[in-house]
Amino acid sequence: MPGGGRCPDCGSAELVEDAHYSQSQLVCSDCGCVVTEGVLTTTFSDEVNLREVAYSRSTGENEQVSRSQQRGLRRVRDLCRVLQLPSTFEDTAVAYYQKAYQHPGIRAARVQKKEVLVGCCVLITCRQHNWPLTMGTICTLLYADLDMFSGTYMQIVKLLGLDVPSLCLADLVKTYCSSFKLFQASPSMPAKFMEDKEKMLSRTLQLVELADETWLVTGRHPLPVITAAAFLAWQSLQPSARLTCSLARFCKLANVDLPYPASSRLQELLAVLLRMAEQLAWLQVLKLDKRSVVKHISDLLQHRHTLIRKAFREGPSGVEAPAEELWGRGQGQEEVGNGSSDLPKGKRPASPALLLPPCMLKPPKRVCPTPPASTVTGDEDISDSEIEQYLRTPQEVRDFQRAQAAKRAATSSPNPP
Amino acid sequence: MTPGIPIFSPMMPYGTGLTPQPIQNTNSLSILEEQQRQQQQQQQQQQQQQQQAAAVTTVTAAVQQSTSQQAPQGASGQTPQLFHSQTLTTTAPLPGTTPLYPSPMTPMTPITPATPASESSGIVPQLQNIVSTVNLGCKLDLKTIALRARNAEYNPKRFAAVIMRIREPRTTALIFSSGKMVCTGAKSEEQSRLAARKYARVVQKLGFPAKFLDFKIQNMVGSCDVKFPIRLEGLVLTHQQFSSYEPELFPGLIYRMIKPRIVLLIFVSGKVVLTGAKVRAEIYEAFENIYPILKGFRKTT
């Protein structure tokens, strides 16, 4: 804007403030003569408003999607495609990832955690749509360990305040059993092991329901129970040919990993079936054991509701003789069954066992005595002798120091003379 | 598009197979499918209740509503007086009301303790661990302490504090060079205080001008047994906003109670662990709140 000065060349008063890049200049608008120019360089104190700010302290990261977030979103989409999820799941999972990324704790987390976060978002999406996906599958796909996954999962559910429904057992049974390779003949598998998918699915489902009703599923990982149930279902559909096949061999045939607890779940399930068999009139005389009961699973499942009611009873509110209650839950069920009965064993069905989770049926490992009521007030006098027992004598201190010095000398010279 | 991750890996710890396609429901309705439908119905019900609850205007109205709905249903027991859940952002606390906020989602127990509906459980949780801190008020030389005390261990590469133990009361203390100390393992508040005083006396006898400032109980852990099995799946359905039950990760249900602010670990065997309390009364109160809920899940059918 025209100041008070005049151009030395042409004498015009039209002087304009114009900057040539970063240099401020006063220029005559008529002839273009540069009247004065500013300093090209600035001092540190001059630049107080132009100083560089670290990216993390600027608002830049809120305005654009950072490269690691882009990578994470791409991983989410990739994971959804590998699992062949519907496209709506992809959008939901991506939205969860973006929402999670807005929290500073997640933004500054390590790469491993962000990788696991990808899996958590996909898992939450699947759970909310009742799509049965286990954490084990996701951990395998992401090469993550379950501890890291569980920590991140619990954190993100709390952070985003989400309601994640439980894993749907029925759907999990269907998808897991469908992944067994038993439904088509193959050169490695004899024909007698091949099975019809629908029959096996329905029987496995019934066995898993039975396990659920008899407290074998609560608090446990669902997959080993399903594996054990599928094995029993498969065996019972053609017992003559399949009784000799073990659980491990079955899993190998089906091309499925054998989860470690599956064998103990199998034993528990067989024990429940044996108890139920004791209530069926035509099976009592057969004196079944764990192998022979498999042949009768179809009968047992057909009448399972009645049999469970007859074979098991609730806690102390049971209809049975109160004398049996006095035996207490700590004792084995066999004793309760054989207690105070005048009739010979074969003629009378065993008394109902308690329907309890296996952890309550086992005798306690050690009896914890209730600690005596302590009369400590917290303000008692503390005797000197009691404290002195915790202090080293001067002799001990000297010995200790000598020992430490000797150790240091030994470690510092690795080749003693 | 094939992503870069290899599809077949040797180890599948309880993985289900890579292409879980949920199959349409067959005609035979199994119990599990019924539970699933129940879960969906529950969610719809809760949404409806949410909308209804947004119309609640006074606390007294809510109390009257709840007392009329009080008959405990089969599967869901009574709920304690709890703050409204995190998922509800529409209901704001009403000004000028009593400190008790109604829980709009579920029926509420009356505020006064002497009610015919809720009776005392008769079970008292046992305290298992108390964590307390105290300030000894002077800088400490940890090397000297580790040298001259018999019951001390000090490994600066692993942890920057001396770990000291005494036999009576059986406790462990972490002593830091700033003079602050953490005392753990006592079974009662008084024992924790006595133990902390003993540690301070040991440090005094080692030649430091230790004082006993700002003794504070930071955490109390209690446990008890309700002696009947609990259907954790049912509990997580009805108390979704407070419970977290992931059998794939942990066998117990984690219940985060809002009032009092206590975390409970509930197991299928009926054992309950309560933690996060600053005073003993919070543990007792939390257990009295949870007991009627657990009783509601006692019957299996």
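**Chain A, its helices and its charged contacts**

The accessible surface of chain A adds up to about 23,100 Å², and carbon and sulfur atoms account for 54% of that. The model is a predicted one, so everything here describes a prediction. Chain A is built with 21 helices and 5 strands, and 44% of its 417 residues are buried. If we take the contacts in chain A between residues at least 6 apart in sequence, 60% of them link residues at least 24 apart.

Helix H6 of chain A, residues 135-142, is a good place to start looking inside. This helix is mostly covered, with 8 of its 8 residues buried. Among them are A:Met135, A:Gly136, A:Ile138 and A:Leu142. The cover over these buried residues includes helix H2 (67-82), helix H5 (111-128) and H7 of chain A. Just past H6(A) comes A:Tyr143, which takes a positive phi of about 55 degrees.

Helix H7 of chain A spans residues 146-160 and holds A:Lys158, and A:Met148 is found in H7 too. How accessible are these two? A:Met148 has a relative accessible area of 29%, so it is partly exposed, while A:Lys158 counts as exposed because its relative accessibility is 55%. Leaving aside residues up to four places away in sequence, A:Met148 touches A:Gln112, A:Lys113 and A:Val116. By contrast, the C-alpha atoms of A:Met148 and A:Leu283 are separated by 50 Å, and these residues are 135 apart along the chain. A:Lys158, for its part, gathers with B:Lys216, B:Arg256, B:Arg261 and B:Lys278 in a patch of positive charge on the surface.

Opposite charges come next. Side chains of opposite charge can pair when their charged atoms come close. Over all chains, the whole structure has 22 salt bridges. One of these pairs A:Glu115 with A:Arg75, with the closest N and O atoms 2.2 Å apart. A:Glu115 sits in helix H5 of chain A and A:Arg75 in helix H2 of chain A, so this pair ties together parts that are 40 residues apart in sequence. Both are partly exposed, A:Glu115 at 23% relative accessible area and A:Arg75 at 21%.

Which salt bridge partners does A:Asp384 have in chain B? The side chain of A:Asp384 meets that of B:Arg201 at 3.8 Å, N to O. Because A:Asp384 lies in helix H20 of chain A and B:Arg201 in helix H4 of chain B, the pair joins two chains. A:Asp384 also forms a salt bridge with B:Lys205, where the closest N and O atoms are 3.1 Å apart. This pair, too, crosses between chains, running from helix H20 of chain A to helix H4 of chain B.

How values were computed: Residues numbered from 1 in each chain as written. Chains lettered and ligands numbered in written order. Predicted model: local features only at pLDDT ≥ 70, side-chain atom pairs only at ≥ 80, totals over all residues. Heavy atoms only, no water. Patch = residues over 30% accessible without salt bridge, like charges linked within 9 Å, V, L, I, M, F, W, Y side chains within 5 Å. Areas by Shrake-Rupley, 256 points an atom, 1.4 Å probe, with all protein chains shown as cover. Salt bridge = Lys/Arg side-chain N within 4 Å of Asp/Glu carboxyl O. Lys, Arg positive; Asp, Glu negative; His and termini not counted. Charge placed at Lys NZ, Arg CZ, Asp CG, Glu CD. Helix = DSSP H or I, 4+ residues; strand = E, 2+ residues; numbered from the N terminus. Buried < 20%, exposed > 50% of the residue type's maximum accessible area, 1.4 Å probe, protein only. Contact = heavy atoms within 4.5 Å.
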